[in-house]
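Here is a short set of exercises to work through with the model open beside you. Try each task yourself, then compare with the steps below it.

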Amino acid sequence: MNVGVVHEAPRPTKSSMELLKAFQELGVNAKYYRISRLSGAFGEKGLTIRYGKHVVHLDAIVVRSLGSIMTTEQLLKRIGLLREMELKGIVVVNPSEAFIKARDKYTSLLLLSKNKVPVPDTIVTEDVHVVVDAVKEWGTVVIKPIIGSLGFGSVKVNDPDIAYRVAKTLLSLGHPVYVQRYIEKPGRDIRVFTVGKRILAAAYRIAPPGQWKTNVAQGAITKPARVDGVLEDIVLRVVEVLSLEYAGIDVAEAPNGGYYVLEANVAPLWEGLAKATGVNPAKAIARHVVELARR
Ligand SMILES: Nc1ncnc2c1ncn2[C@@H]1O[C@H](COP(=O)(O)OP(=O)(O)O)[C@@H](O)[C@H]1O
Ligand SMILES: [Mg+2]
């Protein structure tokens, strides 16, 4: 069996290395591919995937990143490539559909909300006054990039004038504004890691004192977390709705005891989770991918 680990970094990242190793331990031939160097061909000879000039024969891939996307065309090419692979019968994890649905926070939370998954009140707008009104109504909000990760670029705002300035600046740069009611969570959130249709592990991500972001990249520490039945139901619904073969789902605990899903990561990092729980997601993902490819 030939498997690819796909990313855009010139050299495999730590998680890509762990995946390559996990596949090799299963006796699978695994190689690293940069997404920008993969081409999709079609026509009289059918569908072929090339890496540089060489035709590649793959049974499955794990997509760790689509690369930093500069243009809409790049995004369409890279998603299209995943779709072509799927049409060729290659197992793509996560599937193109998951990337389409989960990569932007608008589409993903919209679909979750529509499917009865609790998410914070959210408005996506190009109107500065709508942002200001949201702050007046909700008190504290988070303004975050529609496509973003690792906690970078999100700002917490409770002053309508600051919201005005932030929104005005974003809009002048052509960025619609994603504004969300702030959940008064207890200095932590829960990262639930799923593989297939089950929960692999979960960790509390505890923000540094006085900080509100719980990303490990922002200095959070991790501790093992318990997943109760309510949270399990929510998380498994997220997996179903967003077509995720594996995922890192971020959940905030509200003061009233309820859960709110903040986002679902389609290519999550797992260093903090592995450290807290002793579980190695790379092995579980590799086993799952091999199982899907053998079907
Ligand atoms: N609505 C919110 N209420 C409270 N905290 C939030 C909210 N949205 C995000 N956060 C905090 O910010 C972090 C990053 O937000 P998230 O939506 O997961 O984006 P990213 O893709 O940057 O990780 C979350 O893990 C959480 O700690
Ligand atoms: Mg997150």
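**Exercise 1. The enclosed space**

How many cavities of 30 Å³ or more does the structure hold?

*Solution.* Before counting, note that this is a predicted model, in which local features need pLDDT of at least 70 and side-chain atom pairs count only at pLDDT 80 or more, while totals for chains, interfaces and linings use all residues. Residues are numbered from 1 along each chain as its sequence is written, chains are lettered from A and ligands numbered from 1 in the order in which they are written, and side-chain values use heavy atoms, with hydrogens and water left out.

Step 1. On a 1 Å grid over the protein atoms alone, a cavity is a set of points where a 1.4 Å probe fits but cannot get out; lining residues have an atom within 4 Å of a point. By that rule the structure holds one cavity of 30 Å³ or more.

Step 2. The largest cavity has about 350 Å³ of space, where a volume is the space filled by probe spheres set on grid points joined across faces, edges and corners.

Step 3. Its lining has 25 residues, with K144, S154, W212, N215 and L262 nearest the centre. Two or more of the lining residues come from each of β9, β11 and β16; strands here are DSSP runs of E, at least two residues, and helices are runs of H or I, at least four, numbered from the N terminus.

Step 4. The lining of the largest cavity splits into nine nonpolar, seven polar and nine charged residues. Ala, Val, Leu, Ile, Met, Phe, Trp, Tyr, Cys and Pro count as nonpolar, Asp, Glu, Lys and Arg as charged, and the others, Gly among them, as polar.

**Exercise 2. Domains**

Which domains give at least three residues each to the lining of the largest cavity?

*Solution.* Step 1. The chain is divided into domain 1 (2-93), domain 2 (102-118 + 184-294) and domain 3 (122-181), with bounds from an automatic or database domain assignment.

Step 2. Domain 2 and domain 3 each supply at least three residues of that lining.

Step 3. Now turn to domain 1: its centre and that of domain 2 are 25 Å apart, taken over C-alpha atoms. Contact (heavy atoms within 4.5 Å) links 20 residues of domain 1 with 18 residues of domain 2.

**Exercise 3. Open pockets**

Describe the largest pocket and the second largest pocket.

*Solution.* Step 1. A pocket is an open set of points with protein on both sides within 12 Å along at least five of seven lines.

Step 2. The largest pocket has a volume of about 940 Å³. Among its 38 lining residues, S149, L150, A267, P268 and L269 lie nearest its centre. Helix α8 gives the most to this lining, with four residues, and the lining divides into 17 nonpolar, 11 polar and 10 charged.

Step 3. The second largest pocket holds about 230 Å³ of space. Its 13 lining residues include K144, P145, I146, H175 and P176, which lie nearest its centre. Here β9 (141-144), α6 (160-172) and β11 (177-181) each supply at least two residues, and the lining comprises 10 nonpolar, two polar and one charged.

**Exercise 4. A small task on strand order**

What is the order of the strands in the open sheet of three strands?

*Solution.* Step 1. The order is β3-β4-β5, with antiparallel pairing; two strands pair if DSSP finds at least two bridges between them. The edge strands are β3 (38-41) and β5 (54-56).

Step 2. Three bridges join β4 (residues 48-51) to β5, and R50 has V55 as its bridge partner in β5.
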